[in-house]
Amino acid sequence: MITTANVSSVANNIVGTIGETPLVRLDKLFPSSHASFYGKLEAANPSGSLKDRTSIFIVKRALEEGEISRGHTIIESSSGNMALGLAQACIHYGLKLIVVVDPNLNAHTEKLLKAYGAQIEYVKTPAEEGGFLAARLNRVQELLKDIPNSFWTNQYGNKNNPLAHHKTIDEIMRDLSGAVDYLFVSTSTCGTLMGYADYIAENHHRTKVIAVDALGSVLFGGRPAPRLIPGHGAGVQSQFLDSDKIEGHIKVSDLDCIKGCWSLLKKEGILCGGSTGGVVAAISRYIRHIPDGSNCVFLLADKGERYLDTIYNPDWVLTNFPESKALLKTKVGW
């Protein structure tokens with residue numbers, strides 16, 4: 001016999017399992033600090049990243065508002081995780097999906113997208129202004145003109161992107177009784193970042209939000225430059241970013257991301273993707289500014305299995321970053 005207690009823990013469908021991810025205490029990651037560190041395990045979402053929240057929220061709102069209906073085609077530009085979240089949502093709601101990607105898409109994510117049945121459009125040449133991201137966005141516009149009943153979810157400008165993350169920060173505040181002193185957030189579209197920052201401002205929390213950006217990204221100024229680690233940074237300005245609502249930003253290199261990923265794995269046994277490694281590296285650099293007793297939170301944004309051929313492959317790392325050879329015999333190394 002199924003009791004009421006049993007039923008309450010059963011999700012009605014796969015999208016019903018999105019959210020309510022665990023908050024994990026990380027005592028070994030920064031042992032010299034007298035602050036407390038917590039990771040929000042967004043990799044526990046069913047397609048494996050925080051972009052599950054963004055995808056389902058945007059698609060559900062579009063359905064509710066009559067912008068799309070069953071059988072229509074969703075089109076989006078993505079470096080990986082948003083595409084996977086949309087692929088899952090589209091299966092659930094009976095929608096078609098076309099994803100525009102560039103050469104930085106990793107092979108594992110490509111295989112997953114094909115398994116989900118997504119159509120993949122490849123952009124192989126960066127735009128003169130805005131690089132691969134601009135080229136992907138240009139291709140999205142071409143597809144929208146050519147395909148009837150198509151809809152761009154537009155993670156770069158859809159107001160529902162930051163709104164999707166109000167629930168995430170609400171979960172964090174609830175689990176720590178509002179005692180969050182620092183929140184470190186990797187940036188790309190800045191939807192996640194500003195979703196948190198807007199919520200914190202609206203609810204008068206004293207949390208300091210620190211953005212973590214990629215070297216070679218233009219989100220906080222500077223010239224665009226090639227990057228190998230996908231999932232953070234951007235070649236065009238964000239439509240969401242309001243710098244007045246955040247404490248500051250830290251830029252990290254591709255190699256910083258790799259070191260951060262290995263540090264998290266070796267010290268805490270957590271296998272995450274490149275953007276999370278970048279945040280770990282940024283915290284290491286910022287940690288001297290964090291007062292004793294502070295509660296610090298960051299996102300464990302996605303699963304590391306997608307990076308086994310790159311970040312977690314010593315041969316790939318040494319080929320692309322010869323300067324990393326010195327790390328081979330360190331405790332952070334592989």
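**Reading the sheet, its helices and its cores**

Author: Helix 7 (residues 166-175) lies across strand 1, strand 2, strand 7 and strand 10. Helix 7 runs at about 140° to strand 2. Helix 10 also packs on the sheet, touching strand 2, strand 7, strand 8, strand 9 and strand 10. The direction of helix 10 makes about 115° with that of strand 9. Keep in mind that this is a predicted model.

Reader: In what order do the six strands form the sheet?

Author: Read strand order across the sheet, then check how the strands pair. Here the order is 1-2-10-7-8-9, the sheet is open, and the pairing is mixed. Strand 1 (23-25) and strand 9 are the edge strands, each pairing on one side only. Neighbouring strands are turned by 25° against each other on average, direction ignored.

Reader: Which way do strand 1 and strand 2 run, parallel or antiparallel?

Author: Antiparallel, with three bridges joining strand 1 to strand 2 (residues 36-41). To find the register, take Val 24: it stands opposite Gly 39 in strand 2.

Reader: And how many bridges join strand 7 to strand 8?

Author: Five, and these two strands run parallel. Val 185 has Ala 211 in strand 8 as its bridge partner. Between the two strands the chain passes through helix 8 (residues 191-202), and this β-α-β crossover is right-handed.

Reader: What joins strand 8 to strand 9?

Author: Five bridges, again with the strands parallel. Ala 214 stands opposite Val 252 in strand 9.

Reader: Is strand 8 mostly covered or mostly uncovered?

Author: Start from the general pattern. In a regular strand the side chains alternate between the two faces of the sheet. Now the case: strand 8 is mostly covered, with six of its seven residues buried.

Reader: Which residues touch the most other members of the largest nonpolar core?

Author: Phe 37, Phe 184, Ile 258, Ile 290, Phe 298 and Ile 311, in a core of 37 residues. Strand 7, strand 8 (208-214), strand 9 (248-252), helix 9 (254-268), helix 10, strand 10 (295-300) and helix 11 (314-320) each supply at least two residues of this core. Another core, of 29 residues, lies apart from it. Among its members are Ile 172, Cys 190, Ile 200 and Leu 299.

Reader: What is Phe 37 in contact with, leaving aside its neighbours within four places in sequence?

Author: Val 24, Arg 25, Leu 26, Phe 30, Ile 283, Ile 287, Ile 290 and Cys 296.

Reader: How many aromatic pairs are there?

Author: Rings pair if their centres lie within 6.5 Å, and planes over 60 degrees apart count as edge-to-face. The count comes to six aromatic pairs. One of these is Tyr 182 with Tyr 286, edge-to-face, at 6.0 Å centre to centre and 65° between the planes. This pair links distant parts of the chain: Tyr 182 is in strand 7 (residues 182-186) and Tyr 286 in helix 10 (residues 274-286), 104 residues apart.

Reader: Why does Tyr 182 count as buried?

Author: Because its relative accessibility is 6%, and buried means under 20%. Tyr 286 counts as buried too, because its value is 16%. Tyr 286 also forms an edge-to-face pair with Phe 184, at 5.8 Å centre to centre and 75° between the planes. That pair again joins strand 7 to helix 10, with Phe 184 and Tyr 286 102 residues apart. Phe 184 is buried, as is Tyr 286.

Reader: Which residues do ring pairs link into a cluster?

Author: Tyr 182, Phe 184 and Tyr 286. Phe 184 also appears among the core residues that touch the most other members.

Methods:
Residues numbered from 1 in each chain as written. Predicted model: local features only at pLDDT ≥ 70, side-chain atom pairs only at ≥ 80, totals over all residues. Heavy atoms only, no water. Phe/Tyr/Trp six-rings, centres within 6.5 Å; stacked < 30°, edge-to-face > 60°. Helix = DSSP H or I, 4+ residues; strand = E, 2+ residues; numbered from the N terminus. Buried < 20%, exposed > 50% of the residue type's maximum accessible area, 1.4 Å probe, protein only. Core = buried A, V, L, I, M, F, W, Y, C linked by side-chain atoms within 4.5 Å. Contact = heavy atoms within 4.5 Å. Pairing = 2+ DSSP bridges. Right-handed = clockwise from strand over helix to strand, strands pointing away. Axes fitted to C-alpha atoms, helices over the stretch in contact; angles between N-to-C directions.
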